[in-house]
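Please open the model in your viewer and keep the selection box handy. We will go from one selection to the next.

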2 protein chains.
Amino acid sequence: MGERTRKITIKDIAAEAGVSIALVSFVMNGKSDGKGGYRVNKETAERIRSVAERLNYQPNDAARMLRSGKTNTIGVIVSDISNKFFADIARCIEDRAYKHKYTVLFGSTDENSQKLENLIEVFRNKGIDGLIVVPCEGADPILRKLADENFPLVLLDREVPGADLSSVVLNNRRAGGQVTEVLVKQGYRKIEMISYSMNLSNIREREEGYRACMTENGLGEYVRIHHLRHDRMDRITEILRDARERQVEAFVFATNTLALQGVTAIFRQGWQIPRDFSMVCFDTNEAFDLYKTAAACVSQPIERFGAEALDLLLKSIEHRDQPMACTRVVLSPEIVEYNKFDSYHKN
Amino acid sequence: MGERTRKITIKDIAAEAGVSIALVSFVMNGKSDGKGGYRVNKETAERIRSVAERLNYQPNDAARMLRSGKTNTIGVIVSDISNKFFADIARCIEDRAYKHKYTVLFGSTDENSQKLENLIEVFRNKGIDGLIVVPCEGADPILRKLADENFPLVLLDREVPGADLSSVVLNNRRAGGQVTEVLVKQGYRKIEMISYSMNLSNIREREEGYRACMTENGLGEYVRIHHLRHDRMDRITEILRDARERQVEAFVFATNTLALQGVTAIFRQGWQIPRDFSMVCFDTNEAFDLYKTAAACVSQPIERFGAEALDLLLKSIEHRDQPMACTRVVLSPEIVEYNKFDSYHKN
DNA sequence: TTTGTTTGTTAAAACGTTTTAATTACCTTT
DNA sequence: AAAGGTAATTAAAACGTTTTAACAAACAAA
């Protein structure tokens with residue numbers, strides 16, 4: 001036991017097959033046929049392939065990277081990888097990347113641009129070929145610099161306004177409108193929004209959607225958006241208490257985290273849903289799914305987020321030399337209305 | 001725009017500081033002082049350091065790896081990274097690893113040993129220094145081989161019985177017993193368990209705990225464990241229906257996923273909790289937290305899982321030459337009893 | 001025969017580090 | 001003055017690839 005068996009290298013194969021290492025390299029990279037431009041005798045190629053197979057040759061990625069600069073690794077930086085929404089997307093990207101023989105490096109910014117910068121530095125030292133980023137506040141200059149270097153980059157979930165960057169986002173404006181509309185249709189009028197004070201494109205657009213829907217339905221006078229700092233979530237109780245006094249009927253929560261905080265606070269006060277408040281929110285979670293707490297949720301197309309982002313990135317990596325075309329993919333939200341069907345809970 | 005600026009190498013620094021590259025290497029690796037055994041003039045070292053700082057030198061990991069074999073990268077393979085429990089642990093590991101200047105590669109097996117094998121191969125080609133694994137069924141031979149090579153390895157959440165491998169696990173037997181006991185204390189007698197048919201150490205021990213608790217409380221006659229295949233979760237409805245006919249009073253769910261499936265099925269039948277059934281389970285989730293669905297949950301010390309596993313792995317990497325000592329860390333569960341306090345829901 | 005083309009192959013450089021062994025310069029001690 | 005020791009430095013090899021440029025052999029065209 002404990003024998004550390006030396007790894008098989010290209011040299012071993014060359015020796016075994018009685019050819020030069022160059023030939024082995026050509027064959028192993030599939031450059032022997034077609035576009036590569038190298039010409040290798042068919043039989044020789046076959047022999048090399050079989051020897052490699054037999055010895056279970058595994059290329060040394062470090063050497064390959066050092067020489068060619070290509071690592072077949074990409075980075076994915078989100079706000080918090082333990083957040084279900086991002087974890088699900090990450091999983092999709094990982095699976096899809098794997099099929100393309102890419103490995104994925106994950107990182108979380110915690111909405112902190114300094115962390116983002118550090119992560120990018122670390123990842124770049126690792127030699128990643130490209131990057132998928134959920135930009136946090138203050139990410140603009142960091143990402144712009146990256147783009148200026150022509151570094152393959154795709155934004156996810158949020159955008160950096162004014163910068164010419166590829167991105168995959170939800171139609172947040174529409175989603176915000178549609179989900180608000182569910183409440184309006186149910187007859188609620190005094191509907192307010194609970195949102196983040198962070199300046200993020202997706203949040204801002206969700207607010208826009210809410211506002212537009214309210215105005216279109218003649219409820220402009222009730223429009224009110226509460227902005228919470230994410231490090232002062234406790235303030236939500238205060239807001240809710242005040243809202244109840246003002247006879248607010250329903251809430252639109254700008255994110256799932258916010259909704260969860262809100263509902264927890266509501267329950268702590270001894271209030272019930274929808275007896276005392278009604279609500280809609282973004283994304284689903286086990287609690288809302290199971291108990292139909294929310295009147296409706298915005299369901300985001302997770303797999304498409306992952307797939308589109310990865311495909312965009314790979315394309316961008318492939319064409320690193322060209323002047324870089326920016327594609328903007330806008331996905332459509334789906335509204336899941338829980339109250340449409342009879343709830344199995346008697347509230 | 002678009003200027004790809006060449007990366008600063010050790011050579012540039014050497015030239016700028018007027019020294020050899022070896023000296024730069026010594027200094028950059030902190031081998032210039034203390035245990036490294038190299039001697040570098042203090043002033044020279046300082047000069048090199050300042051030049052490196054000024055030029056913003058970033059070492060090329062590929063080169064470093066190729067030469068030294070060390071990558072400062074570890075792999076973490078779980079069953080499903082989008083599962084909240086694993087996502088949380090992953091996050092802890094990532095954060096902690098980052099502080100030690102390690103990067104983490106994540107992968108999911110989906111409880112498939114073939115995938116595990118593939119992932120390990122890919123990760124090893126990337127040159128990871130060590131591996132943290134949540135072993136799936138059939139992982140034994142794969143992991144044993146790894147251990148035979150003296151490859152730094154730490155098992156997480158589950159163990160491989162009979163193999164001398166380091167691991168960090170919950171005291172699942174105790175947890176299973178304690179959580180069952182909550183139901184017993186509340187007066188339930190006909191308590192059954194819903195579990196997986198997969199042969200995993202943690203599951204088996206949870207069952208053991210349940211069984212022991214029942215027997216100790218003179219309820220041995222009621223012991224019954226239902227085994228579900230995870231690709232046939234739909235069978236749970238059938239089991240529940242049958243259980244209701246047999247007047248089963250409460251369930252112990254062996255995992256959170258199982259509990260979620262179970263409760264969903266229960267609600268679909270129009271039954272309520274705890275009116276028709278009571279239940280306890282492992283781990284928490286938003287639904288159970290918010291609505292106190294479960295009478296109690298086993299709360300696992302997520303951060304300690306991550307921290308202990310990483311520390312064990314790093315230690316093991318550090319002492320790769322030594323014959324490898326196996327440490328087994330067994331963490332204590334915490335039982336969260338929801339019904340202890342007045343629920344704010346009138347059930 | 002010479003010249004040119006195609007096909008198959010290879011030697012050797014390069015990538016940016018780490019690390020060994022050698023070298024220099026400067027002190028001590030005899 | 002010679003010998004030995006220590007401190008500071010460096011040249012050069014090695015890691016395993018990819019890729020360029022050169023070469024040889026075989027054949028075709030002149």
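**Stop one: the DNA backbone**

Select A:N41 and DNA strand C: a backbone N or O atom of A:N41 sits 3.1 Å from a phosphate oxygen of the strand, which fits the cut-off for a polar contact (a pair of N or O atoms within 3.5 Å; within protein, one must be able to donate a hydrogen and the other to accept it, and residues adjacent in sequence count only if both atoms are side-chain atoms). Add A:T44, whose side chain has an N or O atom 3.2 Å from a phosphate oxygen of DNA strand C. From the other chain, pick B:Y57, where a polar side-chain atom lies 3.1 Å from a phosphate oxygen of DNA strand C. Helix 2 (21-28) and helix 4 (61-68) of chain A, with helix 2 (21-28) and helix 4 of chain B, each give two or more residues to the surface near this strand; helices here are DSSP runs of H or I with at least four residues, strands are E runs of at least two, and both are numbered from the N terminus.

A note on what you have loaded: this is a predicted model, in which local features need pLDDT of at least 70 and side-chain atom pairs count only at pLDDT 80 or more, while totals for chains, interfaces and linings use all residues. Residues are numbered from 1 along each chain as its sequence is written, chains are lettered from A and ligands numbered from 1 in the order in which they are written, and side-chain values use heavy atoms, without hydrogens and water.

**Stop two: everything around strand C**

Now select the 26 residues that surround DNA strand C, meaning those with a heavy atom within 4 Å of it. The closest are A:S20, A:R39, B:I10, B:S25 and B:R67. Of the strand's atoms that come within 4 Å of the protein, sugar and phosphate account for 53%.

**Stop three: where the chains meet**

Show chain A and chain B together: 58 residues of each take part in the contact (heavy atoms within 4.5 Å). Which side chains should you zoom in on for a salt bridge? Try B:D110 and A:R91, which meet at 2.7 Å, N to O; the rule asks for a side-chain nitrogen of Lys or Arg within 4 Å of a carboxyl oxygen of Asp or Glu. Between the two chains the count is six salt bridges.

All interface residues of chain B, 100%, are also interface residues in chain A, so the copies meet through the same surface.
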